[in-house]
Amino acid sequence: MRNRWVHFTLFCWFILSSLLQYNDPDPYFWSLLYGVVAFICYRGFRKLSVPSWVVIGAWCCFVGSIGWLAIHSKEWLYSDAETLFEAGGLILSGCTLQYEV
């Protein structure tokens, strides 16, 4: 029972994050990413099975976020806050997908 509320809380946070992307320079990518993560969290809340393509996509997102962080580490450490927020969003999405799957 407790695990269901973790899924629901993550669902609510990612829906909110998706809705707050309207003023981002590239809102389509981030709204889509957060929306997909929210959908997967909702499936976890409803105890629905996760298709295999979601597992593969979750793994790619996680590995991609860590890879992006490793490649652009100097860039996001010394640049504006937007790049830092994008790195954090990728990492949180990747970690959440690993938890959900």
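Start with the whole chain: from the N terminus on, the elements run α-α-α-α-α. That makes five helices and zero strands, where helices (H or I, at least four residues) and strands (E, at least two) are DSSP runs, numbered from the N terminus. You're looking at a predicted model, in which local features need pLDDT of at least 70, side-chain atom pairs count only at pLDDT 80 or more, and totals for chains, interfaces and linings use all residues. Residues are numbered from 1 along each chain as its sequence is written, and side-chain values use heavy atoms, with hydrogens and water left out.

**Stop 1: the core**

Of the 101 residues in the protein, 32% are buried. Here, buried means under 20% relative accessible area, exposed means over 50%, and partly exposed is in between (1.4 Å probe, protein chains only). Now select Phe 14, Trp 30, Leu 33, Tyr 34, Val 37 and Leu 97: these have the most contacts inside the largest nonpolar core, which has 14 residues. A nonpolar core is a set of buried Ala, Val, Leu, Ile, Met, Phe, Trp, Tyr and Cys residues joined through side-chain atoms within 4.5 Å. Which helix gives the largest share of this core? It's H2, with seven residues. H1, H2, H3 and helix H5 (81-100) each supply at least two. In soluble globular proteins, nonpolar side chains tend to be buried together.

**Stop 2: the rings**

Next, show the aromatic side chains; the structure holds eight aromatic pairs. Rings of Phe, Tyr and Trp (its six-membered ring) pair if their centres lie within 6.5 Å; planes under 30 degrees apart count as stacked, over 60 as edge-to-face and the rest as tilted. Pick Trp 5 and Phe 45: this pair is tilted, at 5.7 Å centre to centre with 55° between the planes. Trp 5 lies in helix H1 (residues 2-19) and Phe 45 in helix H2 (residues 27-45), so the pair ties together parts that are 40 residues apart in sequence. Is Phe 45 buried or exposed? Phe 45 counts as buried, at 13% relative accessibility, while Trp 5 is partly exposed at 44%.

Keep Phe 45 selected and add Phe 8. Those two rings also form a tilted pair, 5.1 Å centre to centre and 45° between the planes. With Phe 8 in helix H1 and Phe 45 in helix H2, this pair ties together parts 37 residues apart in sequence. Phe 8 itself is partly exposed, with 29% relative accessibility. Add Phe 11 and Tyr 42 and you have a cluster: ring pairs link them with Trp 5, Phe 8 and Phe 45.

One more thing here: pick Arg 4. Its charged end sits over the ring of Phe 45, 4.5 Å from the centre. That label applies if NZ of Lys or CZ of Arg is within 6 Å of the ring centre and within 35 degrees of the ring normal.

**Stop 3: a loop residue**

Jump to Lys 47, in the loop between H2 and helix H3 (52-71). What is the phi of Lys 47 near? It is near 60°, a positive value in a residue other than glycine. Most residues other than glycine have a negative phi. Lys 47 is exposed, with a relative accessible area of 62%.

**Last stop: Ala 58**

Finish in helix H3 with Ala 58. Ala 58 is buried, at a relative accessible area of 1%. Select Tyr 99 too: the two are 41 residues apart in sequence and 9.5 Å apart in space, C-alpha to C-alpha.
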